[in-house]
Amino acid sequence: MRLLDFLKGERKKSASVAKERLQIIVAHQRGHRGQPDYMPMLEQELLEVIRRYVQVEQDAINISLDSDNDCSVLELNVTLPNRG
Amino acid sequence: MAKIIVVTSGKGGVGKTTSAAAIATGLALRGNKTVVIDFDVGLRNLDLIMGCERRVVYDLVNVIQGEAGLNQALIRDKRSENLHILPASQTRDKDALTLEGVEKVLGDLSEDFDYIICDSPAGIERGAQLAMYFADEAVVVTNPEVSSVRDSDRILGLLSSKSRRAEQNRDPVKEHLLITRYNPNRVDDGDMLNLEDIREILAIDLIGLIPESEAVLRASNQGVPVIHDDKSDAGQAYADTVSRLMGEDVPLRFHSAQKRGLIARMFGGGARR
């Protein structure tokens with residue numbers, strides 16, 4: 001493999017690609033950790049409502065639930081497209 | 001009171017049963033009264049790996065449903081007198097396991113044993129959740145491969161939310177990372193995640209590193225847990241893992257590449273024996 005890499009010119013090692021991809025997906029998973037089971041459904045339905053009025057991308061919505069001691073905050077971030 | 005340790009992973013085929021068998025055997029060889037329970041109802045395999053498949057009469061589901069007593073279902077290991085096996089049922093469906101039933105079995109076993117090792121089924125469904133629910137510690141078996149690492153992270157999420165310790169706000173389940181099928185030569189070539197990367201991504205302590213080894217298949221062929229093969233690298237790596245589980249400080253082995261000839265390096269390969 002090394003000889004082959006040398007002949008083809010150095011390319012990015014597959015293990016470091018794996019690491020980068022995992023760091024992103026694991027960070028995403030942890031964001032959802034401990035959330036109620038209805039969150040993905042809620043996110044989907046909110047997105048549908050918003051899309052009735054504004055054309056936004058599937059991934060333009062970001063929803064999170066933060067709990068402190070005695071209150072929970074549902075945070076909803078929607079990136080709207082540029083006008084004009 | 002026994003210590004309950006679940007061997008889990010999320011992904012299938014990463015070495016849960018191999019590891020559960022090796023760890024349980026190792027704990028027993030070190031003088032601990034140990035029982036290893038197969039939670040994979042419908043797809044039992046621990047009995048094969050432990051080499052007691054022809055001695056299974058009753059199983060976990062029989063005990064839970066009151067059709068047999070614990071003493072009738074427990075199989076005494078041929079090689080170590082401190083070790084017992086509680087097989088899974090091969091015929092019932094997974095719904096046959098109940099939370100109350102599992103709690104009762106673990107409670108009864110707790111009185112007689114030092115360690116209870118729960119061999120979890122793959123997945124995150126009922127069987128896997130029941131296997132981990134009562135655990136004090138968890139050994140998360142992970143291969144150096146993207147889907148295995150991601151699934152391990154999912155399991156860690158469940159351990160921190162769906163275990164009895166989490167639900168009762170007690171000290172959390174102690175989580176340990178066990179990396180299996182590690183090939184240092186491929187790590188050196190940049191084609192396999194290295195152990196530091198995996199540990200960093202999952203953010204838990206490493207309890208052991210098992211190299212990819214021909215001894216593992218040889219052991220399962222024969223129905224003898226690989227830890228009995230104390231000449232093999234995998235057997236020794238599991239023995240180290242058991243020592244660490246018992247609280248000893250043992251240096252990590254088998255993490256660096258063997259010297260290979262030019263031809264081997266050019267064409268890859270180099271599994272350990």
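Start with two helices that are roughly parallel to each other: α2(A) and α10(B). The angle between them falls under the 35 degrees that counts as roughly parallel. This is a predicted model, so keep that in mind as you go.

**Stop 1: α2(A) against α10(B)**

Select residues 14–31 of chain A and residues 195–202 of chain B. The two helices pack at about 15 degrees, and their axes are 10 Å apart. Their crossing is right-handed. Now show side chains. From α2(A), the contact uses A:Lys19, A:Leu22, A:Gln23, A:Val26 and A:Arg30. From α10(B) come B:Asp197, B:Glu200, B:Ile201 and B:Leu202. Colour by class: four of these residues are nonpolar, one is polar and four are charged.

**Stop 2: α2(A) against α7(B)**

Keep α2(A) on screen and add residues 146–159 of chain B, which form helix α7. Here the angle is about 20 degrees, with the axes 10 Å apart. α2(A) and α7(B) are therefore roughly parallel to each other. This crossing is right-handed. On the α2(A) side, pick A:Ala18, A:Leu22, A:Ile25, A:Val26, A:Gln29 and A:Arg30. On the α7(B) side, pick B:Val146, B:Val149, B:Arg150, B:Asp153 and B:Arg154. The contact has six nonpolar, one polar and four charged residues.

**Stop 3: the sheet of chain B**

Hide chain A and switch to a cartoon view. In what order do the eight strands of the open sheet run? Read across: β3-β4-β2-β5-β1-β6-β7-β8, with mixed pairing. The edge strands are β3 (75–76) and β8 (205–211), and each pairs on one side only.

Zoom in on β1 (residues 3–8) and β5 (residues 115–119) of chain B. They pair in the parallel sense over five bridges. Click B:Ile5; its bridge partner in β5(B) is B:Ile117.

**Stop 4: helices across the sheet**

Select residues 99–112 of chain B, helix α5. It lies across β1, β2 (34–38), β4 (83–86) and β5, running at about 145 degrees to β5(B). Then return to α10(B), the helix from the opening stop. α10(B) lies across β6 (137–142), β7 (174–182) and β8 of chain B, at about 150 degrees to β7(B).

**Stop 5: a salt bridge**

Side chains of opposite charge can pair when their charged atoms come close. Over all chains, the count is 14 salt bridges. Select B:Arg30 and B:Glu248 for one of them, with 2.4 Å from N to O. Where do these residues sit? B:Arg30 is in the loop between α1 (16–29) and β2 of chain B. B:Glu248 is in the loop between α12 (233–245) and α13 (262–267) of chain B. The pair links distant parts of the chain, 218 residues apart.

Definitions and conventions:
Residues numbered from 1 in each chain as written. Chains lettered and ligands numbered in written order. Predicted model: local features only at pLDDT ≥ 70, side-chain atom pairs only at ≥ 80, totals over all residues. Heavy atoms only, no water. Axes fitted to C-alpha atoms, helices over the stretch in contact; angles between N-to-C directions. Helix = DSSP H or I, 4+ residues; strand = E, 2+ residues; numbered from the N terminus. Parallel < 35°, antiparallel > 145°, perpendicular 65-115°, else oblique. Left-handed = near helix turned anticlockwise from the far one by under 90°. Contact = heavy atoms within 4.5 Å. Nonpolar A, V, L, I, M, F, W, Y, C, P; charged D, E, K, R; others polar. Pairing = 2+ DSSP bridges. Salt bridge = Lys/Arg side-chain N within 4 Å of Asp/Glu carboxyl O.
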